[in-house]
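Open the model in your viewer and keep the selection tool at hand. The tour has a few short stops.

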Amino acid sequence: MKYRHQRRQLAKARAREVKLHLDAARKAINEDDMRVAEQACLSAIGKDPLIADPYHLLAHIAYSQGRLQNAGDHILEAATRDEKNLGIHSDCGAIMNMLGRGAEAEAACRHVLESNPEHIQARNNLSVALDLQGRRVEALVECDRILSREPTHVDALINKGSVLVKLG
């Protein structure tokens, strides 16, 4: 009984330290100090390598600095650590699309849409992923689903135009 209590206390202390590092990372990002933000994320990972948030932040930092491959590596780490965070999986779909990895992008987007079929960004990313895989008719269907709800959704209009051009 005593050891269980000690383990709980240690886990709570570790969670507080992780939160402090993540708060410092977010503050540094807001101040545009990506070096400090990255260090804070790495410190959070050092305290608890199983949580997703520091990897998600690292993906955003890498993306903002044009390090797309690093962003992809970090977002995949985040996605494997948190099945429920739809924002992570939506971002994963977007980054995988940018890397030309359509199948992975599709899987991430479908994961989001299983939980929230109305998630416009995931549906838009799905249309791009399908287009990347040469599945243009399916990509058009996804664009039309978006446009039926939001007729002026710019990204969906651009994606649809691009797909239509490819179809001739």
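Helices here are DSSP runs of H or I with at least four residues, numbered from the N terminus. Keep in mind that this is a predicted model.

**Stop one: arginine 4.** Select arginine 4. You are in helix H1, which covers residues 2–30. Is this residue buried, partly exposed or exposed? Arginine 4 has 43% relative accessibility, so it counts as partly exposed, since that class lies between under 20% for buried and over 50% for exposed.

Now widen the selection. Add Arg7, Arg8, Lys12 and Arg16 to Arg4. Together these residues form a patch of positive charge on the surface.

**Stop two: isoleucine 51.** Move on to isoleucine 51. It sits in the loop that links helix H2 (34–47) to helix H3 (53–64). Its relative accessibility is 24%, so isoleucine 51 is partly exposed. Which residues does it touch, leaving aside neighbours within four places in sequence? Show Val18, Leu22 and Arg81: these are its contacts.

Next, set a distance between the C-alpha atoms of isoleucine 51 and aspartate 32. The viewer should span 24 Å, for two residues that are 19 apart along the chain.

**Stop three: histidine 111.** Select histidine 111 in helix H6, residues 102–115. Its relative accessible area is 19%, so histidine 111 is buried; the cut-off for that class is under 20%. Then display Glu83 and His89. Histidine 111 is in contact with both, once neighbours within four places in sequence are set aside.

Methods:
Residues numbered from 1 in each chain as written. Predicted model: local features only at pLDDT ≥ 70, side-chain atom pairs only at ≥ 80, totals over all residues. Heavy atoms only, no water. Helix = DSSP H or I, 4+ residues; strand = E, 2+ residues; numbered from the N terminus. Buried < 20%, exposed > 50% of the residue type's maximum accessible area, 1.4 Å probe, protein only. Contact = heavy atoms within 4.5 Å. Patch = residues over 30% accessible without salt bridge, like charges linked within 9 Å, V, L, I, M, F, W, Y side chains within 5 Å. Areas by Shrake-Rupley, 256 points an atom, 1.4 Å probe, with all protein chains shown as cover. Salt bridge = Lys/Arg side-chain N within 4 Å of Asp/Glu carboxyl O. Lys, Arg positive; Asp, Glu negative; His and termini not counted. Charge placed at Lys NZ, Arg CZ, Asp CG, Glu CD.
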